[in-house]
Structures are given as structure tokens and as C-alpha cells.
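Colleague: I have a model open and would like to learn how to read it feature by feature. Could you walk me through it?

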Amino acid sequence: MFRRGRKIYEPPRFMTVNQALEQLLEVEEEKKLEVLNRDTQVVGLARVGQSGQRIVAGPVGKLLEIDFGPPLHSLVIPGETHFLEQDMLKFYSLEALAERGVEIEYIANSSDSVEESNDSVEESKDST
């Protein structure tokens, strides 16, 4: 963004899985390429390798409702999969996680998730 000839940059922020999915759905709605919809199977990952990591596989519509917690997040959109990859997707599916007793936190209102996550990042920067 420019203001009086000076470049003004917004503070850097990490994109969440939810933000990425919302933006992809917006682009799909605008371009109508039929590449992605709310039933497309995706994998959301957060803090991989850490003790609090979260890996969830499922349709876009369901993952939009999940709170993946603090960054760093990754999003995988699988194409054609090998049967071993399909087994791993099933292992991390919402149903399988529920069967194993893995607690999943949901966002109260998924449309507010982007604004809330950006606000919390800005508040944490202001407090430093």
C-alpha cells in the first residue's frame, strides 16, 4: 500500500489453515475453475514435530470449523493417492481421531476465525 509516496507494509502474520481454506474457496467462487469445494479432502497440520502438533484430514468444510491453535500451520491438498497414503489420510481423519479419543477444538463461528486470529497476533505484538 502506498501513502504519500511511501510504501507502508502491514506487520507480518502467519496464515492459518482456516485462512488458507477460506481464501482458496473465495478464489474458487470467483474463478469457477472447479478445482476445490467444501467436499475436497485436505490435510491441515500445525506445529509438526512439536509435542502439541495437530494433524487432521477431512473435507474443507469440516476443517474450516477446527481450531488448529497457534502457528506454524501447513495445508496439503492431495491429488491421486497411493493406498498407503489413503491409509494415513484415514488414520488422521476426524472420525479416526474421535475413535482414538483425540480432542479436537472447534471454532465457535468459523467466519470470524480469520479476524480473531489476526487480532490476537496484533495484540501479542503490541504487548511486546
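Colleague: Let me begin with Glu-10: is this residue buried or exposed?

Modeller: This is a predicted model, and in it Glu-10 has a relative accessible area of 55%. Residues over 50% are called exposed, so Glu-10 is exposed.

Colleague: Which residue does the side chain of Glu-10 meet in a salt bridge?

Modeller: The general idea comes first: side chains of opposite charge can pair when their charged atoms come close. Here the partner is Arg-13, with 2.3 Å from N to O. Arg-13 has a relative accessibility of 30%, so it counts as partly exposed.

Colleague: How many salt bridges does a search of the whole structure find?

Modeller: The search finds 1 salt bridge.

Colleague: Now a helix, please. How should I read α1?

Modeller: An α-helix has 3.6 residues a turn, so residues three or four places apart point the same way. Helix α1 covers residues 17-31, 15 residues in total. From first to last C-alpha α1 reaches 21 Å, close to the 21 Å expected at 1.5 Å a residue. The buried residues in α1 include Leu-21, Leu-25 and Glu-28; the run from Val-17 through Asn-18, Gln-19 and Ala-20 to Leu-21 and Glu-22 is buried too.

Colleague: What phi does Lys-32 take just after α1?

Modeller: Lys-32 has a positive phi there, about 50 degrees.

Colleague: On to the strands. In which sense do β3 and β4 pair?

Modeller: Strand β3, residues 41-46, pairs with β4 in the antiparallel sense, over 6 bridges. To find your place in the pairing, look for Val-42, which stands opposite Gly-58 in β4.

Colleague: And why is β4 largely enclosed by the rest of the structure?

Modeller: Strand β4 spans residues 54-59, and 5 of its 6 residues are buried, so the rest of the structure largely encloses it. Over the protein chain, buried residues make up 30% of the 128 residues.

Colleague: How are the elements ordered in the protein chain?

Modeller: There are 5 helices and 5 strands, and from the N terminus the order is β-β-α-β-β-α-β-α-α-α. Of the contacts with a separation of 6 or more, 61% join residues 24 or more positions apart.

Colleague: Last one: where does pLDDT stay under 50?

Modeller: Where pLDDT is low, the predicted coordinates should not be read in detail. That applies to residues 110-128, where pLDDT stays under 50; the model has 17 contacts beyond four places in sequence for them. The protein chain averages a pLDDT of 85, and 82% of the residues score at least 70.

Conventions: Residues numbered from 1 in each chain as written. Predicted model: local features only at pLDDT ≥ 70, side-chain atom pairs only at ≥ 80, totals over all residues. Heavy atoms only, no water. Buried < 20%, exposed > 50% of the residue type's maximum accessible area, 1.4 Å probe, protein only. Helix = DSSP H or I, 4+ residues; strand = E, 2+ residues; numbered from the N terminus. Pairing = 2+ DSSP bridges. pLDDT = per-residue confidence, 0-100. Contact = heavy atoms within 4.5 Å. Expected span 1.5 Å × (residues − 1). Salt bridge = Lys/Arg side-chain N within 4 Å of Asp/Glu carboxyl O.
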